[in-house]
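Visitor: I am new to this structure and would like a close look at one part of it. Could you take the salt bridges and the helix contacts around them, and go through them slowly?

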Amino acid sequence: MSFFKRLKDRFVAPEEEQEQLQPLDEPVPADEPVPADEPVPAEPVKPKKKADDWDFSFDDEDLMSIEEFEELEAQQIGAKFRQGLEKSRENFQNRLNDLLAHYRTVDEDFFEALEEMLIQADVGFNTVMELVESLRFEAKRQNITETADLREVIVEKIVEIYEQEDDELQAMNIQEDGLTVILMVGVNGVGKTTTIGKLAHRYRQQGKTVMLAAGDTFRAGAIEQLQIWGDRVGVEVVKQSEGSDPAAVMFDAVNAAKAKKVDILICDTAGRLQNKANLMNELQKVKKVISKSVPGAPHEVLLALDATTGQNALVQAKAFKEVTDVTGIVLTKLDGTAKGGIVLAIRNELHIPVKFVGLGEKLDDLQPFDAESYVYGLFADMIEASGVESDTADDTETTDPHAG
């Protein structure tokens, strides 16, 4: 089965099922907190039915199988990535289509133009060099002479670059028993607090109990903003007064979470990066307090990055990697940029997995990152326009001399 067909089968729903993929909840502003006097209930309240209104008559044909449920879920996720990556998709697809139309023959001029296109899309210089070198090898191996025949290989190689390392790093380290502590770091203005709120909502939807710790005690309004998110999604926020010692807040939060047998504690931290020494000392102090109370914690240190800043996000990630052990990236505002290629640069150059991406303003638009969902979002029109007659793709195992 060809790569395009596999993605098409996984993510594209039949036309008659498209209505099921439309989001039902209203958008939530990502950057502006809801006024405190206008709380949003954690869960929509549905009107109650009288007992005699219920109709329990159904047969097995009304039930959805596990396979059907998983298929529908994949299509819904694909629809989210398709919508959230619209700007990046237009950038990638238009440029790639223009390139393939201009260069009909696979030669060095084509590869040099492809390198330039990918660098302009914020894929990152080192990643581009690796990707194009792999494409050169694959074109020679499969004797591909026309650029149109290289289209699908380009998309497949992007997935391979992302998935070349340990897939287990992709999953969140959520403890089956006991408290899981997630430390959220990132500079001010990247959507860190919003991410914490949406992450809390996500875990609440999974039936877990969640608590938040307001450890960003220096930025004006940070504590109040986190409290608004706590009220919105229905979770408790442990806080102290502005200017308090962040480590003291964490101490209180961990003890409260343990006493109340909370499943997940998500900790906000200060977003300053101007003085790395101060930030390092502060984060080390916070982590020491947490690990003393919960051995092995924090279980995740997530770095929030603003995708709209492109290569600037890569610079921030390198700086934070120097001062703390970042276990994963949350790439925010991906729906607001054409620079979606930064995902590849972060993963390939920093060797830090992107664990979540922000694809919109709604509460459930914070989605776990998946390489195939990502490339579908980037090349959806191209994939959907491809025929299903490509099952004759070469199944010969690729031997790339540049692979591990």
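Guide: What follows goes through some salt bridges, then two helix contacts and one annotated stretch, in a model that is predicted.

The structure holds 24 salt bridges, and one of them joins the side chains of K192 and D216, with N and O 4.0 Å apart. This pair links distant parts of the chain, since K192 belongs to helix α7 (residues 192–205) while D216 sits in the loop between β2 (210–213) and α8 (222–233), and the two residues are 24 residues apart. K192 has a relative accessible area of 5% and is therefore buried, and D216, with a relative accessible area of 2%, is buried as well. D216 also forms a salt bridge with R219, where the closest N and O atoms are 3.5 Å apart; R219, however, has a relative accessibility of 26%, so it counts as partly exposed.

Another salt bridge is formed by K355 and E300, whose closest N and O atoms are 2.8 Å apart. Here too distant parts of the chain are linked, with K355 in strand β7 (residues 354–358) and E300 in strand β5 (residues 300–306), 55 residues apart, and both K355 and E300 are buried. The stretch of residues 353–366 carries the UniProt annotation "domain: SRP54-type proteins GTP-binding", which comes from an unreviewed entry; over these residues the chain is 43% strand and 0% helix, and the end C-alpha atoms lie 16 Å apart.

A network of salt bridges links R6, R10, D370 and E372, and three of these names return in the contact between helices α1 and α13, where R6 and R10 are among the residues of α1 and E372 is among those of α13. The axes of α1 (residues 3–11) and α13 (residues 371–385) come within 10 Å and cross at roughly 105 degrees, so the two helices are roughly perpendicular to each other. Also taking part are F3, F4 and F11 on the α1 side and V375, Y376 and M382 on the α13 side, and by class the contact has eight nonpolar, one polar and five charged residues.

A second helix contact brings together α6 (residues 151–162) and α12 (residues 342–350), which pack at an angle of about 40 degrees with their axes 9 Å apart, and α6 is therefore oblique to α12. I158, I161 and Y162 of α6 make this contact with V343, L344, R347 and N348 of α12, and these residues divide into five nonpolar, one polar and one charged.

Methods:
Residues are numbered from 1 along each chain as its sequence is written. This is a predicted model: local features need pLDDT of at least 70, side-chain atom pairs count only at pLDDT 80 or more; totals for chains, interfaces and linings use all residues. Side-chain values use heavy atoms; hydrogens and water are left out. Axes are lines fitted to C-alpha atoms, for helices over the stretch in contact, and angles run from 0 to 180 degrees between N-to-C directions. Helices (H or I, at least four residues) and strands (E, at least two) are DSSP runs, numbered from the N terminus. Angles under 35 degrees count as roughly parallel, over 145 as roughly antiparallel, 65 to 115 as roughly perpendicular and the rest as oblique. Contact means heavy atoms within 4.5 Å. Ala, Val, Leu, Ile, Met, Phe, Trp, Tyr, Cys and Pro count as nonpolar, Asp, Glu, Lys and Arg as charged, and the others, Gly among them, as polar. UniProt positions are given in the numbering used here, feature names are shortened, and annotations may be inferred rather than shown by experiment. Buried means under 20% relative accessible area, exposed over 50%, partly exposed in between (1.4 Å probe, protein chains only).
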